[in-house]
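This report describes the pockets and the strand pairing of one protein chain. The model is a predicted one.

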Amino acid sequence: MLEQFQPDIFHMGGDEVNFNCWNKTESMVNWMAAKGWGRTEKDFVRLWDHFQSQAVQKVYEKAGRHIPVVMWTSHLTHKEYLSDFLPKDQYIIQIWTTGEDEQVHELLTKGYKVILSNYDALYLDCGFAGWVADGNNWCSPYIGWQKVYQNTPKKIAGDKHKQVLGAEATFWTEQADSTSLDSRLWPRASAMAEVLWSEPESTWRAAESRFLIHRERLVRLGVQADALEPEWCTQYEENCPIGGKFNVANM
């Protein structure tokens with residue numbers, strides 16, 4: 001892969017490592033015992049670091065140089081382990097927890113560069129029926145384009161927003177396939193794109209009319225972008241409930 005694409009950055013994952021599985025695997029716990037390690041969380045983090053350290057060296061060898069490596073927020077990014085196992089000059093951290101999570105502040109304070117994928121604004125598969133339990137899926141509710149638009153680097157990182165390299169809207173496919181791809185991604189992903197491109201000082205309300213027009217443009221291009229408001233609002237913006245003369249707040 002590295003030889004074919006010659007990337008200048010490499011994502012190594014690192015999410016959803018299950019220590020319970022390791023703890024039930026005889027070969028792994030025997031190896032740890034031979035090292036004189038216990039079976040606490042800290043010991044399993046050491047085991048993970050043993051694997052990660054070897055894996056990242058293989059990346060460097062194949063790349064022919066040291067390239068930045070991306071890892072998801074995880075046990076390794078908890079403040080008690082972060083500096084020991086993921087040096088900030090080697091790793092970029094992609095955030096999947098909420099934008100207000102303590103880990104985000106910790107990462108930025110310690111000087112790490114980050115990529116935003118916080119699930120409370122950028123997980124576009126959220127807000128649908130659960131598939132392993134009753135009710136809605138774990139990251140509900142549905143995330144409207146307005147919330148995506150307000151999810152700015154400055155809002156999350158404050159005066160450390162220069163450490164935010166960008167953002168990635170995620171669309172996990174446990175409950176999606178090619179038939180639902182367009183309508184769940186678009187036009188919400190466009191809201192993220194504008195925010196990252198221009199870092200607007202105004203709120204989503206200033207972008208609303210442009211956003212409705214952009215959705216129509218996507219549809220004409222053959223993208224099955226989801227509807228946002230009645231078509232009447234696109235045609236008669238001044239009379240639409242949000243911001244229009246029929247808005248309850250204006251009566």
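## Largest pocket

The largest pocket of this predicted model has a volume of about 550 Å³. It is lined by 27 residues, and D15, E16, Y123, W138 and E174 are the closest of these to its centre.

Sorted by class, the lining of the largest pocket holds 11 nonpolar and 11 polar residues, along with five charged ones.

## Second largest pocket

The second largest pocket encloses about 180 Å³ of space. Its lining is made up of G99, E100, N118, D120, A121, K147, Q150, N151, K155 and I156. Three helices, α7 (119–122), α8 (145–150) and α9 (153–157), each contribute at least two residues to this lining.

Which classes make up the lining of the second largest pocket? Four residues are charged, four are polar and two are nonpolar.

## Strand order and edges

Five strands form an open sheet in the order β1-β2-β3-β4-β5, and their pairing is parallel. Why is one side of β1 and of β5 left without a neighbour in the sheet? β1 (10–11) and β5 (164–167) stand at the edges and each has a single partner strand, so one side of each has no neighbour in the sheet.

## Pairing of β3 and β4

Within the sheet, strand β3 (residues 91–95) pairs with strand β4 (residues 114–116) in the parallel sense, over three bridges. I95 stands opposite L116 in β4. In general, the strands of a sheet pair through backbone hydrogen bonds, in either a parallel or an antiparallel sense.

Key
Residues are numbered from 1 along each chain as its sequence is written. This is a predicted model: local features need pLDDT of at least 70, side-chain atom pairs count only at pLDDT 80 or more; totals for chains, interfaces and linings use all residues. Side-chain values use heavy atoms; hydrogens and water are left out. On a 1 Å grid over the protein atoms alone, a cavity is a set of points where a 1.4 Å probe fits but cannot get out, and a pocket is an open set with protein on both sides within 12 Å along at least five of seven lines; lining residues have an atom within 4 Å of a point. Grid points are joined across faces, edges and corners, and a volume is the space filled by probe spheres set on the points. Ala, Val, Leu, Ile, Met, Phe, Trp, Tyr, Cys and Pro count as nonpolar, Asp, Glu, Lys and Arg as charged, and the others, Gly among them, as polar. Helices (H or I, at least four residues) and strands (E, at least two) are DSSP runs, numbered from the N terminus. Two strands pair if DSSP finds at least two bridges between them.
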